[in-house]
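Reader: Could you walk me through this one before I go back to the bench? I'd like to ask short questions as they occur to me.

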Amino acid sequence: MIHNGEYYPLIKAFGGQTLNISTKTNTHINPFDSSLQYAKNDKEAIKEKSEFVLAFVESIVNGLSGEQKTLIDRCTNNIYEEYQLHNYNKEYEPDFKKFYDELLRQPEMEAKNLALIIERYVTGGMDIFAKKTNIEIKNRFITFDISELPQSIQTTGYLVVLDHIMNRLHKNKLEGKSTWIFIDEFHILLANKFSSEYIAKIYKTGRKENAIPTIITQNIRRCNPK
């Protein structure tokens, strides 16, 4: 369950585990985590990860040019291909810092400009998504509370948690488990084109991973495409 803090009585009643994702806690999820080692088609898995990274960066930048999209796709491919070439060695595991460094290695000035825009989220005061994943799942009922994230990166927080769950689905499926996903305040994910496409992907492909998603919102107007 992903929520904004309203479900604590329910979580307590069922003995669930809460993971607070905010700039005030020491709980981190690396948005570049992947399940490539479980994928049957490496190229398709990297393509899907590239689509997520587009949504992730767009939620921070709030608008990407065609050049920036190309650079993001190129850099994402580069860091994941290196990870594969080194047989998924932890030392080469992609993260936001490696993506940032790869941007800086590109010859185009647009890459340098994009790196400057995201710098505060990599090495500055908003570096919550530049850390290695350190959460430990110890319960069947897991909730992710993003209520204390700054409003400017709530969409980003939703995307990072959802992608972490999608990675978890691969492992659950191998163990013969189905996964129920409840997403509260769903309208936040409609804040940009890429995040809304990503949530659509979860509905389209999640069922193949034994996912049972449910979305919750009180803001129907925000969900109207008009």
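Author: What follows is a conversation about the core, some helices, a few loop residues and a cavity.

Author: This is a predicted model, in which local features need pLDDT of at least 70, side-chain atom pairs count only at pLDDT 80 or more, and totals for chains, interfaces and linings use all residues. Residues are numbered from 1 along each chain as its sequence is written, and side-chain values use heavy atoms, with hydrogens and water left out.

Reader: Which residues touch the most other members of the largest nonpolar core?

Author: They are Phe56, Val57, Phe96, Phe99, Leu103, Ile118 and Phe144, in a core of 58 residues. A nonpolar core here is a set of buried Ala, Val, Leu, Ile, Met, Phe, Trp, Tyr and Cys residues joined through side-chain atoms within 4.5 Å, and buried means under 20% relative accessible area, with exposed over 50% and partly exposed in between (1.4 Å probe, protein chains only).

Reader: And which elements give two or more residues to this core?

Author: Those are helix 2 (42-61), helix 3 (66-85), helix 4 (96-105), helix 5 (109-122), strand 3 (142-145), helix 6 (154-174), strand 4 (179-183) and helix 7 (193-205). Helix 2 gives the largest share of the core, 9 residues. Helices (H or I, at least four residues) and strands (E, at least two) are DSSP runs, numbered from the N terminus. As background, nonpolar side chains tend to be buried together in soluble globular proteins.

Reader: What is leucine 103 in contact with?

Author: Leaving aside its neighbours within four places in sequence, leucine 103 is in contact with Leu71, Cys75, Ala111, Leu114, Ala115 and Ile118, where contact means heavy atoms within 4.5 Å.

Reader: Let's turn to helix 5. Which of its residues are buried, and what do they pack against?

Author: The buried residues of helix 5 are Ala111, Leu114, Ala115, Ile118, Tyr121 and Val122, and they pack against helix 2, helix 3 and helix 4.

Reader: Where does helix 5 bend?

Author: Helix 5 bends by about 35° at leucine 116, the bend being the angle between axes fitted to the seven residues ending there and the seven starting there. Its end C-alpha atoms are 19 Å apart, which agrees with the 20 Å that its 14 residues should span at 1.5 Å a residue. The expected span is 1.5 Å times one less than the number of residues in the helix.

Reader: How many residues of helix 2 and of helix 6 are buried?

Author: Helix 2 is mostly covered, with 14 of its 20 residues buried, and helix 6 is mostly covered too, with 16 of its 21 residues buried. From first C-alpha to last, helix 2 reaches 28 Å, close to the 28 Å expected, while helix 6 reaches 31 Å, close to the 30 Å expected.

Reader: What comes just after each of them?

Author: Just after helix 2, asparagine 62 takes a positive phi of about 60°, and helix 6 is followed by glycine 176, whose phi is positive, near 75°.

Reader: Where is asparagine 62, and is it buried or exposed?

Author: Asparagine 62 lies in the loop between helix 2 and helix 3, and it counts as exposed because its relative accessibility is 61%. Most residues other than glycine have a negative phi. Glutamate 185 is not a glycine either, although it has a positive phi of about 55°; glutamate 185 is found in the loop between strand 4 and helix 7 and is buried, with a relative accessible area of 19%.

Reader: New topic: what do lysine 131 and asparagine 134 touch?

Author: Not counting residues up to four places away in sequence, lysine 131 is in contact with His28, Ile29 and Asn30, and asparagine 134 touches Asn26, Thr27 and His28. Lysine 131 lies in the loop between helix 5 and strand 3, as does asparagine 134. Lysine 131 counts as partly exposed at 32% relative accessibility, and asparagine 134 counts as partly exposed at 39%.

Reader: How far apart are asparagine 134 and isoleucine 29 in space?

Author: Their C-alpha atoms are separated by 6.7 Å, although asparagine 134 and isoleucine 29 are 105 residues apart along the chain. Lysine 131 and aspartate 95 are 36 residues apart in sequence and 7.7 Å apart in space, C-alpha to C-alpha.
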